[in-house]
Amino acid sequence: MVSGPLPTGGDIHGHDHDHDSGHLTDVALRVRALESLLIEKGYVDPAALDAIVETYETKIGPRNGARVVARSWVDPDYREWLLDDATAAIKSLGYAGRQGEHMVAVENTGAVHNLVVCTLCSCYPLPVLGLPPVWYKSAPYRSRAVIDPRGVLAEFGVSLPPETKIRVWDSTAEIRYLVVPMRPAGTDGWSEERLASLVTRDSMIGAGLAIDPRSLAAEGRA
Ligand code: FE
C-alpha cells in the first residue's frame with residue numbers, strides 16, 4: 001500500500017495539536033521525561049503502560065474495521081444498522097472504547113466517495129482502525145484533503161470517475177468516521193472472512209479502495 005505519498009515538512013504551526021515530524025522529537029522527549037517522573041514517583045506502573053501500547057499495536061487495528069465492513073457487505077440488516085447507528089453496530093461486534101464512542105459510518109457508492117481527515121490534529125477511530133498512519137497526521141494531508149481531495153486521492157493511486165463526488169469529513173474529538181468502501185466485483189458468495197481480507201486500512205479512511213480480487217489474480221496471489 002502507499003503509505004507516504006504526501007510531501008512532508010513545510011508549514012509548522014506549533015499549536016498544541018500539531019503532530020508534524022519537526023515536533024515529534026520534542027514531544028517524544030517530553031513524554032519520556034514525564035513517564036520517567038511518573039514511574040519514579042510510583043504514579044504509574046511501567047508494565048501497565050506497556051500493556052496499553054501492546055494492545056493498540058497488536059490487538060486493536062484495521063482488522064477490526066475490516067470485519068465491520070465485511071459484515072455490512074453480506075448482511076443488509078447490519079449495513080442499515082451501521083449507517084444508522086455506527087457506534088452500536090460496531091460495538092455489537094465487540095469493538096468499543098476510547099475514540100470510538102461516537103462513530104459515524106459513511107458508505108462509498110458510484111455517486112459519492114468519502115474521505116476522512118482531521119484538519120485540527122489527528123482524531124481517528126482507534127477501536128476499528130488502531131493507530132493512525134503518519135501521513136494522516138501530517139500537515140500536508142490535513143490541509144490538502146480539504147483543498148484538493150481529488151489530487152490527494154490521485155497521489156494514493158485512486159482515480160475516480162469524474163461524475164463521482166468526493167465528500168470530505170472532518171473528524172473531531174466528538175465524532176469519528178469509518179468509510180465503508182464499495183464491495184469489489186467478482187466476490188459473490190465469498191465468506192465474510194475472505195471479504196474482510198480485501199478491506200485495507202486506507203480504504204476505511206477513504207484514501208484507498210477495497211482490493212480488487214482481479215488484481216490479486218493478475219499478481220498470482222489469489
Ligand atoms: Fe484530531
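Is cysteine 123 buried or exposed? Cysteine 123 is buried, and its relative accessible area is 10%. Before I go on, please keep in mind that this is a predicted model.

I will start with the metal. The iron ion has protein donors from Cys118 (SG), Cys121 (SG), Ser122 (N), Cys123 (N) and Cys123 (SG). These donors lie 2.0 to 2.7 Å from the iron ion. Cys123 therefore appears in that list with both its N and its SG. In sequence, the donor residues follow the spacing C-x2-C-S-C. Cysteine 118, another of the donor residues, has a relative accessible area of 1%, so cysteine 118 is buried too, given that buried means under 20%. As for disulfides, the count is zero.

Next, strand E2. This strand covers residues 112-117, and asparagine 114 is found in it. Asparagine 114 has 2% relative accessibility and so counts as buried. What does the side chain of asparagine 114 make a polar contact with? The partner is the side chain of tryptophan 169, at 2.7 Å. Leaving aside residues up to four places away in sequence, asparagine 114 touches Val106, Glu107, Asn108, Arg167, Trp169, Val179, Ile205 and Gly206. Glu107 is in that list, and I will come back to it with the salt bridges.

Now helix H3, residues 62-74. With 13 residues at 1.5 Å a residue, H3 should span 18 Å. The C-alpha atoms at its ends are 19 Å apart, which agrees with that expectation. Which residues of H3 are buried? They are Asn64, Gly65, Ala66, Val68, Val69, Ala70, Ser72 and Trp73. On the general point, an α-helix has 3.6 residues a turn, so residues three or four places apart point the same way.

That leads to the salt bridges. The structure holds six of them. In general, side chains of opposite charge can pair when their charged atoms come close.

One salt bridge joins the side chains of glutamate 192 and arginine 71, at 2.8 Å from N to O. Glutamate 192 is in helix H10, residues 192-196, and arginine 71 is in helix H3, so this pair ties together parts that are 121 residues apart in sequence. Glutamate 192 counts as partly exposed, at 28% relative accessibility. Arginine 71 is also partly exposed, with a relative accessible area of 26%.

Another salt bridge has arginine 79 and glutamate 107 as its partners, with 2.6 Å from N to O between their side chains. Arginine 79 lies in helix H4, residues 76-84, while glutamate 107 lies in strand E1, residues 103-107, so the parts tied together here are 28 residues apart in sequence. Arginine 79 is partly exposed at 33% relative accessibility, and glutamate 107 is partly exposed with a relative accessible area of 23%. This is the glutamate that asparagine 114 touches.

A further salt bridge is between the side chains of aspartate 202 and arginine 201, at 3.1 Å from N to O. How accessible are these partners? Aspartate 202 counts as buried, at 1% relative accessibility, whereas arginine 201 counts as partly exposed, at 25%. There is also a network, in which salt bridges that share partners join Arg144, Asp148 and Glu155.

To go back to the start: cysteine 123 is buried, and Cys123 is among the residues that supply donors to the iron ion.

Conventions:
Residues are numbered from 1 along each chain as its sequence is written. This is a predicted model: local features need pLDDT of at least 70, side-chain atom pairs count only at pLDDT 80 or more; totals for chains, interfaces and linings use all residues. Side-chain values use heavy atoms; hydrogens and water are left out. Helices (H or I, at least four residues) and strands (E, at least two) are DSSP runs, numbered from the N terminus. Buried means under 20% relative accessible area, exposed over 50%, partly exposed in between (1.4 Å probe, protein chains only). A polar contact is a pair of N or O atoms within 3.5 Å; within protein, one must be able to donate a hydrogen and the other to accept it, and residues adjacent in sequence count only if both atoms are side-chain atoms. Contact means heavy atoms within 4.5 Å. The expected span of a helix is 1.5 Å times one less than its number of residues. A disulfide is a pair of cysteine sulfur atoms within 2.5 Å. Donors are N, O and S atoms within 2.8 Å of the metal (3.2 Å for Na, K and Ca); water is not among the atoms, so sites may look incomplete. A salt bridge is a side-chain nitrogen of Lys or Arg within 4 Å of a carboxyl oxygen of Asp or Glu.
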